[in-house]
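Subject: Handover of a structure, with notes on one sheet

Dear colleague,

I am passing the structure below on to you, together with some notes on what was found in it. Please read the notes with the coordinates open beside them.

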Amino acid sequence: MLRVGLTGGIGAGKSTVAARLAEHGAVLIDADRIAREVVEPGTEGLAELVAAFGPDILTSEGALDRQALAAKAFADDDSRLRLNSIVHPRIGARTAELMAAAAPDAVLVHDVPLLVEGNLAPAYHLVIVVDADEDVRVRRLVESRGMAEDDARARIAAQADTEQRRAVADVWLDNGGPRDVVLAEVDALWADRLVPFEANLRLRRPRRPASPVLVEPDPSWPRQAERALARIRLAAGERALRVDHIGSTAVPGLLAKDVLDLQLTVSTLDEADALTDALADAGFPPMSGQWFDEAHAEPGRWEKRVHVGADPGRPVNLHVRATTNPAWRLALLFRDWLSANPDERDGYVELKRALAGKHAADGTTEHYAAEKQGWIGAAFERAGRWADETGWTS
């Protein structure tokens, strides 16, 4: 199923987005609600907390007094670890139970306030961050929760900051304005991205081929690539020797198709094949057929595997190469050589412009890519000399 992580700072209005997604049919799992549920009166979780911290963490009605617990549990590191050892496994088990109960074609939205702080983003196919200006959030906390302004600002400061959230956000929703505006954005997100993403994931359906369309360089491409690479690292585990952002979007200032080219390097093609299901489940279904790199400085072709991103909002090509295929190193060399040599980069841009115009009506990039090979082959020779002169290593 499609796993969506939903997060945002206190007072950002995350519940508004969660409720709208649920209206569309998303299966909503609320981490805060589960955290309360596993320590309700009569649960094993509450009994174990009492055994660990004493009966004075209970109210007169026998419920958990959270302030009393906090005073004891956060007094020192050992107490905090004891609390986490009791609560976190139960939260994890209940979360897994709810996820397992969801239908195979579900869009599952996991509302996790501390998703960024817990470094949980790679476990989701997509992360949505809900945000609002600090003054807006403070006003909401003062008006709706009765917090003092200083307390509200302190709570905000204690959480992840804007840049940390932006680093993991596949979708950024500004909920600081009229409610109808953010609801309309959620509606479009559901129809245009989440629903087709779920279908692509479930059916292991690659994106359709398209003509080459070049766009101006986007300074956020490296950050977008890192989010995808983190998911690939998690899926590949110990089989991944390295994962890298390659291709034109990895070269600063280079005109490119708005498609992230990524590379997963493994020891053998058998290892690559063993990862097929894990990569597909992580959001990168395999392309059918046989795939090769044109051999450089020798006859023949070098075999590889190709996966693509299932997210219609972020096109990705994932090249899976074994270390026996020299193309894994050439891809890194080509990227670094272009980055270090502006004249070569400009020459490559001229070639790309000409070929993109020539093949604008093809409906595929096959011929565009094939016609670049002569220039790229000669470029590898120049890049190799540059590597020798500079001491470049992969």
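Two strands are taken to pair if DSSP finds at least two bridges between them. On that basis E10 and E11 pair, since four bridges join them, and the two strands run antiparallel. Please keep in mind throughout that this is a predicted model.

The sheet

E10 and E11 belong to an open sheet of five strands, whose order is E7-E9-E12-E11-E10 and whose pairing is mixed. Strand E7 (242-246) and strand E10 (291-294) stand at the edges with a single partner strand each, so one side of each is left without a neighbour in the sheet. Averaged over the sheet, and with direction ignored, neighbouring strands are turned by 35° against each other.

Going through the pairs, E7 is joined by five bridges to strand E9 (residues 260-266), the two running antiparallel, and within this part of the sheet valine 243 stands opposite leucine 264 in E9. At the other edge, phenylalanine 292 stands opposite glutamate 303 in E11. The hairpin of E10 and E11 has six residues between the strands, and in this hairpin alanine 297 takes a positive phi near 65°. E11 is in turn joined to E12 by four bridges, again in an antiparallel arrangement, with histidine 307 opposite leucine 318 in E12.

The helices on the sheet

Helix H10 (residues 221-236) lies across E7, E9 and strand E12 (316-322), and runs at about 30° to E9. Helix H13 (residues 327-340) also packs on the sheet, where it touches E7, E9, E10, strand E11 (301-308) and E12, while its direction makes about 45° with that of E7.

Arginine 321

One residue that you may wish to look at is arginine 321, which is placed in strand E12. Its relative accessibility is 6%, and because the cut-off for a buried residue is under 20%, arginine 321 counts as buried. The side chain of arginine 321 is joined to that of aspartate 293 by a polar contact of 2.8 Å. Leaving aside residues up to four places away in sequence, arginine 321 touches a set of residues that includes Ile246, Gln263, Leu264, Thr265 and Val266, and also Lys304, Ala327, Trp328 and Ala331. Among these, Leu264 is the residue that stands opposite valine 243.

With best regards

How values were computed:
Residues are numbered from 1 along each chain as its sequence is written. This is a predicted model: local features need pLDDT of at least 70, side-chain atom pairs count only at pLDDT 80 or more; totals for chains, interfaces and linings use all residues. Side-chain values use heavy atoms; hydrogens and water are left out. Axes are lines fitted to C-alpha atoms, for helices over the stretch in contact, and angles run from 0 to 180 degrees between N-to-C directions. Contact means heavy atoms within 4.5 Å. Buried means under 20% relative accessible area, exposed over 50%, partly exposed in between (1.4 Å probe, protein chains only). A polar contact is a pair of N or O atoms within 3.5 Å; within protein, one must be able to donate a hydrogen and the other to accept it, and residues adjacent in sequence count only if both atoms are side-chain atoms.
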